[in-house]
Amino acid sequence: MKATRVERGRFIISSFVFICFLCALASINEVRYDSLLKFGRCALANINMPSKVNASTSNTLLAQSSSSDDEIRVLFGILTLPDQYQRRHFLRLIYGTQTPVGAKVDVKFVFCNLTKEDQKVLVALEIMRYDDIIILDCQENMNKGKTYTFFSSLPEMFNDTEGPNPPYHYVMKTDDDAYFRLQSLVDSLKPLPREDLYYGYVIPCPSMDPFVHYMSGMGYLISWDIVEWIRESDIPKNHLEGPEDKIFGDWMRDGHRAKNRFNAKWSMYNFPEPPTRCTHELWPDTIAVHLLKNQEKWIRTLKYFNVTDNLKPSKLYHIP
């Protein structure tokens, strides 16, 4: 009987120990399973997340690239004189209130070296305030190489490995007595090539063929590859003096450049008075009006194109 009781006690103790062992083992396995399950979920999440992040980043970069590629970049150079302070301020109003869609148009005022003490102060203040002036290393002139200096200086000024290439698709050279409607200009450029392009108002005035003569100095535009050619070629360097627009046309002819040409006549024209073969009545299909030599002509032109239509009503002013 004693032996039987002892054996029963041993059996009960052994069974209890075995049951505790099983419980401990089950607890350990559950922890491992949960850990493995969490690890697996984490691993799967890490596998999927980079693809989502990469896809999102890729889509963003593609959108930015597409936007950048579609946007036209134009350097709009207005050749003027250092002392023309009032004219520059006026033109800042004219172009600063235009916001063309589909393009980045940088308006710059261009003249040669400063020669007076007051210029060194006043022009410096303009640059500090507006940052829209290019001072060329030349003596002020109209038909002795200023246009060449302008175009040939641009690659060194703007070619930057950190910026877009090319820095601009097109460069416009115009005068300070011309009014350009920037949106109309941009719209006319959208279907045109971005290489070997020469754009403007064909001279002589009755001509409509851009391959015979040259574009008027009121404003002509070229693609960036021609700007770089002007800097590198000896043809422009050896032929500087004379009417600057005609000389420029000679460069294109002698260098066999500007295979793509666009005649913007009669969207570009001289102010209608006094009437000549180069004038045209003001009309909606206008890109540029030239020979605005006085305030009256400017005001008539600006009123015709309703440039103040976007003026917002306010209690601060009353303009009938």
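Of the 320 residues in the chain, 41% count as buried, where buried means under 20% relative accessible area, exposed means over 50%, and partly exposed covers what lies in between (1.4 Å probe, protein chains only). The model is a predicted one, so local features need pLDDT of at least 70 and side-chain atom pairs count only at pLDDT 80 or more, while totals for chains, interfaces and linings use all residues. Residues are numbered from 1 along each chain as its sequence is written, and side-chain values use heavy atoms, with hydrogens and water left out.

The accessible surface of the chain comes to about 19400 Å², and 58% of this belongs to carbon and sulfur atoms; accessible areas come from the Shrake-Rupley method with a 1.4 Å probe, and for residues only the protein chains shown count as cover. Among contacts between residues at least 6 apart in sequence, 69% join residues at least 24 apart, a contact being heavy atoms within 4.5 Å. The chain has nine helices and twelve strands. These elements are DSSP runs numbered from the N terminus, helices being H or I with at least four residues and strands E with at least two.

A good place to start a tour is strand β2. Eight of the nine residues of β2 (residues 103–111) are buried, so this strand is largely enclosed by the rest of the structure. Strand β1 (residues 72–79) pairs with β2 in the parallel sense over eight bridges; two strands pair if DSSP finds at least two bridges between them. Within this pairing, Leu 79 stands opposite Val 110 in β2. Between the two strands the chain passes through helix α2 (residues 85–96), and the resulting β-α-β crossover is right-handed. That term applies if, with the strands pointing away from the viewer, the path from the first strand over the helix to the second runs clockwise. β2 also pairs in the parallel sense with strand β3 (residues 133–135), over three bridges, and here Phe 111 faces Ile 135 in β3.

Strand β6 (residues 197–200) offers a second view of the interior. Both faces of β6 are covered: Leu 197 and Tyr 199 on one side, and Tyr 198 and Gly 200 on the other, are all buried. With strand β10 (residues 260–263), β6 pairs in the parallel sense over four bridges, and Tyr 199 stands opposite Phe 262 in β10. With strand β9 (residues 219–223), the pairing of β6 is antiparallel over two bridges, and Tyr 198 stands opposite Ile 222 in β9.

Attention now turns to charged side chains. The structure holds 20 salt bridges, a salt bridge being a side-chain nitrogen of Lys or Arg within 4 Å of a carboxyl oxygen of Asp or Glu. One of them joins Lys 293 to Asp 177, with the closest N and O atoms 2.7 Å apart. Lys 293 lies in the loop between β12 (288–290) and α9 (295–304), and Asp 177 in the loop between β4 (170–175) and β5 (179–180), so the pair ties together parts that are 116 residues apart in sequence. Lys 293 is exposed, with a relative accessible area of 56%, whereas Asp 177 is buried at 4%.

Another salt bridge is formed by Asp 250 and Arg 253, whose closest N and O atoms are 3.1 Å apart. Both residues lie in helix α8 (residues 244–254), three residues apart, about one turn of the helix. Asp 250 counts as buried at 8% relative accessibility. The side chains of Asp 187 and Lys 190 also meet in a salt bridge, at 3.5 Å from N to O; Asp 187 is partly exposed at 40%, and Lys 190 is partly exposed at 46%. In addition, Arg 88, Arg 92, Glu 126 and Asp 132 are linked in a network of salt bridges.

On the surface, Val 121, Leu 122, Leu 125 and Met 128 make a nonpolar patch of about 410 Å². Patches are made of residues with over 30% relative accessible area and no salt bridge, with like charges joined within 9 Å and nonpolar side chains (Val, Leu, Ile, Met, Phe, Trp, Tyr) within 5 Å. Leu 125 belongs to helix α3 (residues 117–130) and is partly exposed, at 46% relative accessibility.

Finally, Pro 272 is found in the loop between β11 (268–270) and β12 and is buried at 8% relative accessibility. Leaving aside its neighbours within four places in sequence, Pro 272 is in contact with Thr 279, His 280, Glu 281 and Leu 282.
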